Amino acid sequence: MLTGLRAEAVTAGYDPRHPVLTDVSLTVEAGRTVGLVGPSGSGKSTLARVLALLHKPQAGRVVLDGVPVTGHRHRAPRRQRTRIGVLFQQPRLSVDQRMTLRTAIAEPLRANGLPVSRVDGLAELVMLTPDLLARRPHEVSDGQLQRACLARALALRPAYLVCDEMTTMLDASTTAALVGVIRDYQRETGAGVLAISHDTVLLDHWADRVVRLGEVSAAASPDR
Ligand SMILES: Nc1ncnc2c1ncn2[C@@H]1O[C@H](COP(=O)(O)OP(=O)(O)OP(=O)(O)O)[C@@H](O)[C@H]1O
């Protein structure tokens, strides 16, 4: 089986007459970390959302471990959707403010009929203590909330993790801790990771290869 999370000749955006991405191909191989850089507004987040099956491309397709994806968002088959975890820049926009961190981490487990007792192991993995699990988002720091988002993203043991500027709001030590958790997870499971960041020093250290968005959209994109 061909492994990898692939965008194949993707054209996508928000206005069909002016796509943000035109004919972009990119592969995140299983077990590898691909860094994605590019100027602000070049479409990195849009590509992340396409690969995470959250945004439907106008043309082209996403192929997950050799199987073309047939729908996006709720139309994507659950077994494909749950193979991809996502982490965004602003954890406060990704978590329901009324939920405790424990409930937020348990959400995907509950939705997929898995035991919520797994939350404790996930919290330990991201170094969240039990007292923090009982708090709501406004009672924790950005770094603590992002740890909870990482625990939630890993809850279904995804084969791929899409990280869109996940460290932008974090200090150096939290960034190092979360990247360390992702690397350990990757070593254990062979997951593929897409890491989008403006921090090229971080990506040089974290990623196996770094792709510049302007370059992937050219006809000579690395995958073609
Ligand atoms: N929901 C939306 N509706 C309309 N236009 C959007 C939407 N989201 C993004 N855009 C536009 O699409 C273009 C690409 O945005 P995108 O967020 O993908 O770029 P980016 O490379 O991730 O930028 P940054 O590095 O600043 O996060 C921008 O011009 C942006 O204004």
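The following exchange goes through the sheets, helices, cores and one histidine of a predicted model.

Biologist: Which strands stand at the edges of the sheet ordered S2-S1-S4-S5?

Modeller: This open sheet has four strands with antiparallel pairing. A strand at the edge has a single partner strand, so one side of that strand is left without a neighbour in the sheet. The strands in that position are S2 (21-28) and S5 (67-68).

Biologist: What is the bridge partner of valine 10 in S2?

Modeller: Strand S1 covers residues 5-12 and runs antiparallel to S2. Five bridges join S1 and S2. In S2, valine 10 has as its bridge partner valine 24.

Biologist: At about what angle to S1 does helix H1 run?

Modeller: Helix H1 is made of residues 44-51. H1 lies across S1, S2 and strand S4 (59-64). Relative to S1, helix H1 runs at about 125°.

Biologist: Which strands stand at the edges of the sheet ordered S6-S7-S8-S3-S9?

Modeller: Here five strands form an open sheet, and the pairing is parallel. Each edge strand has a single partner, so one of its sides lacks a neighbour in the sheet. The edge strands are S6 (84-87) and S9 (209-212).

Biologist: By how much are neighbouring strands of this sheet turned against each other on average?

Modeller: The order of the strands, S6-S7-S8-S3-S9, sets which of them are neighbours. With direction ignored, the average turn between neighbouring strands is 20°.

Biologist: In S8, what is the bridge partner of valine 34?

Modeller: Strand S3 (residues 33-37) pairs with strand S8 (residues 192-196) in the parallel sense, over four bridges. The partner of valine 34 in S8 is leucine 194.

Biologist: Where do the buried residues of helix H5 fall when seen down its axis?

Modeller: H5 spans residues 118-125, and its buried residues are Val119, Leu122 and Ala123. They line one face of the helix, because they fall within an arc of 100°.

Biologist: Which helices do the buried residues of H5 pack against?

Modeller: H7, one of these helices, covers residues 142-154 and lies across S6 and strand S7 (160-164). The buried residues of H5 pack against H4 (101-111), H6 (130-133) and H7.

Biologist: Which helix gives the most residues to the largest nonpolar core?

Modeller: This core has 40 residues, and Leu128, Leu150 and Trp206 touch the most other members. Several elements each supply at least two residues, including H4, H5, S7 and helix H8 (172-189). With seven residues, the element that gives the most is H7.

Biologist: Which residues does tryptophan 206 touch, not counting those up to four places away in sequence?

Modeller: Trp206 is one of the core residues that touch the most other members. Leaving out residues up to four places away in sequence, tryptophan 206 touches Thr33, Cys163, Met166, Val179, Ile182, Arg183, Val193 and Ala195.

Biologist: Does histidine 55 count as buried or exposed?

Modeller: Histidine 55 lies in the loop between H1 and S4. Buried means under 20% relative accessible area. Histidine 55 has a relative accessibility of 11%, so it counts as buried.

Biologist: How far from a polar atom of the side chain of histidine 55 does the backbone oxygen of glycine 13 lie?

Modeller: Not counting residues up to four places away in sequence, histidine 55 touches Ala12, Gly13, Tyr14, Arg49, Val50 and His72. For glycine 13, the distance from its backbone oxygen to that polar side-chain atom is 3.0 Å.

Conventions. Residues numbered from 1 in each chain as written. Predicted model: local features only at pLDDT ≥ 70, side-chain atom pairs only at ≥ 80, totals over all residues. Heavy atoms only, no water. Pairing = 2+ DSSP bridges. Contact = heavy atoms within 4.5 Å. Axes fitted to C-alpha atoms, helices over the stretch in contact; angles between N-to-C directions. Buried < 20%, exposed > 50% of the residue type's maximum accessible area, 1.4 Å probe, protein only. Arc of directions from axis to C-beta. Core = buried A, V, L, I, M, F, W, Y, C linked by side-chain atoms within 4.5 Å. Polar contact = N/O pair within 3.5 Å; in protein donor to acceptor, adjacent residues only side chain to side chain.
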